[in-house]
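Hi everyone, thanks for making time. I'd like to walk you through a structure that may be new to you, so have a look at the screen.

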Amino acid sequence: MTAVLTAPAPTKDVAQVSDRVGLRETISTSFTMAYRGLLKIKHNPEQLFDVTVQPILFTALFTYIFGGAISGSVDNYLPVLIPGILVQTVVLTSVVTGTQLREDMDKGVFDRFKSLPIARVSALAGALLADMVRYGIASTLTIIVGLCLGYRPGGGFAGVLAACLVVVVCSFAISWVWALVGVTGKSAASVQGVSMMVMFPLTFMSGAFAPVSTMPGWMQAINHANPVYYMVNTCRDLMNANVYSGDLVWSLLGSLAVIAVFAPLTVRAYMRRA
C-alpha cells in the first residue's frame, strides 16, 4: 500500500505578518527615541551651550547696542526686542538639529535604527522631539534675561506662555527642514553653513530687531513670504497685549504645511541614504 501525505489545510487563526507599524507604536517608539536624545544631553551637557549662553549674550548685547539708536531708550526697545530675540534664539537653535543628525548618521548610529522593527519616522521624530526641550530652555532663559533687564510684558504670564509655546511648535516644524538638509548633506559643517546662510537673512529682515516699515519696499514684500516675520509679529502681539491675531493663524498653518511636506521627504531621504 502507498501512503499519501497531504499538507494540513491552513486554519483561519494563523496570525498575518505585516510590515506596517500602527500609529500607537509609532508614537511610542518616537518618544523612546526622544528619551535617547535627552540621555545624550545628560551625558554631553556641552550640547546645551547654544541654548544657555546664546540667549543671555544676544539679549544683553542687542538691548544695549540698539536700544538707544532704534527706540530712543532701552525701556522703549525691550517690548520690541524681547519677542524678536525669543524667535531668533529658538529658530537658530533648530539649525543644530540638522547638524547633529548628520553627525549621528556619519557615526553609523542610524544604520542600526533602520534594521529595527519600528516606524521609519520614529528615529527622526524622536530626535526632533528631544530638541524641543532645548527650545524650551532657550525660551525660558530669554524671558528671564529680559525681565532682569527691565522688560514687563503687557500680555502677562498667559501671553508669554502662549508666545513660548508658539515658538517651540513653529521651531519643531522648521527643524524638519534642517533634518532634510542634515540627511542629504555631505558633512555636519556643510549642513550648518547652509542652514545659517538661510536663517540669518530671514531672521534679521523679519523685523525682530528693527521696524519693518523702515526697510526698502522689496524687503517688506519678501517678508510676506517669510515665516519668521509672522512668528515675530505673533510673539509681540501675545507678549505685549495677549492678542491672538491673524499672524498666529498663519504661523500655525505654515507649521502644519512644513511638517506635511518635509516630514515625508526627510523620511524618504533617510531611507535612501542613512
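How many salt bridges does the structure hold? There are two. Keep in mind that what you see is a predicted model. I'll come back to each of the bridges, but let's get the overall picture in place before that.

The protein chain has 10 helices and zero strands. So if you read the elements from the N terminus on, you just get α-α-α-α-α-α-α-α-α-α. Along its principal axes, the C-alpha trace spans about 110 × 35 × 35 Å. The chain has 274 residues, and 45% of them count as buried. If you take the contacts with a separation of 6 or more, 78% are between residues 24 or more positions apart. As for the outside, the accessible surface comes to about 14200 Å², and 68% of that belongs to carbon and sulfur atoms.

Okay, on to helix H3, residues 74-106. Its 33 residues should span 48 Å at 1.5 Å a residue, and the end C-alpha atoms are 46 Å apart, which agrees. H3 does have a bend, though: about 35° at valine 80, with proline 83 following within four residues. Is H3 mostly covered or mostly uncovered? Mostly covered: 25 of its 33 residues are buried.

Threonine 97 is a nice residue to look at here. It sits in H3, and with a relative accessible area of 3%, it is buried, because the cut-off for that is under 20%. And what does threonine 97 contact, once we leave aside the neighbours within four places in sequence? Leu128, Asp131, Tyr135 and Ser175. Hold on to Asp131, please, since that name comes up again in a moment.

Now the salt bridges, as promised. One of them joins the side chains of aspartate 106 and arginine 102, at 3.0 Å from N to O. These two are four residues apart in helix H3, so about one helical turn separates them. Are the two partners buried or exposed? Aspartate 106 is partly exposed, with a relative accessible area of 48%, whereas arginine 102 is buried, at 8%. Just after the helix, there's glycine 108, which has a positive phi, near 85°.

The other salt bridge is between arginine 134 and aspartate 131, where the closest N and O atoms are 3.8 Å apart. Here the partners are three residues apart in helix H5, residues 120-149, so again we're talking about one helical turn, roughly. In this pair, arginine 134 is buried and so is aspartate 131. And there's our link back to H3: Asp131 is among the contacts of threonine 97.

Arginine 134 also brings us to another residue, leucine 48. That leucine is in the loop between H1 and helix H2. Leaving out neighbours within four places, leucine 48 is in contact with Ile41, Arg134 and Ile137. For a sense of distance, the C-alpha atoms of leucine 48 and alanine 138 are separated by 9.2 Å, while the two residues are 90 apart along the chain.

Stepping back into H1, residues 23-43, we find leucine 38. It counts as partly exposed, at 34% relative accessibility. Beyond residues up to four places away in sequence, leucine 38 touches Ala130 and Val133. Compare its position with arginine 102 from the salt bridge: the two are 64 residues apart in sequence and 17 Å apart in space, C-alpha to C-alpha.

What about the surface? There's a nonpolar patch made of Phe49, Val53, Leu57, Leu61, Ile65, Phe66 and Ile70, and together they have about 610 Å² of accessible area. One of its members, phenylalanine 66, lies in helix H2. With a relative accessible area of 33%, phenylalanine 66 is partly exposed.

Last stop, asparagine 242. You'll find it in the loop between helix H9 (227-241) and helix H10 (246-273). Its phi is positive, about 55°, although it is not a glycine. At 29% relative accessibility, asparagine 242 counts as partly exposed, because that value falls between the 20% and 50% cut-offs.

So, if you take one thing back to your desk, take the two salt bridges: aspartate 106 with arginine 102, and arginine 134 with aspartate 131. Thanks, everyone!

Definitions and conventions: Residues are numbered from 1 along each chain as its sequence is written. This is a predicted model: local features need pLDDT of at least 70, side-chain atom pairs count only at pLDDT 80 or more; totals for chains, interfaces and linings use all residues. Side-chain values use heavy atoms; hydrogens and water are left out. Buried means under 20% relative accessible area, exposed over 50%, partly exposed in between (1.4 Å probe, protein chains only). Contact means heavy atoms within 4.5 Å. Patches are made of residues with over 30% relative accessible area and no salt bridge: like charges are joined within 9 Å, nonpolar side chains (Val, Leu, Ile, Met, Phe, Trp, Tyr) within 5 Å. Accessible areas come from the Shrake-Rupley method with a 1.4 Å probe; for residues, only the protein chains shown count as cover. A salt bridge is a side-chain nitrogen of Lys or Arg within 4 Å of a carboxyl oxygen of Asp or Glu. The expected span of a helix is 1.5 Å times one less than its number of residues. The bend at a residue is the angle between axes fitted to the seven residues ending there and the seven starting there.
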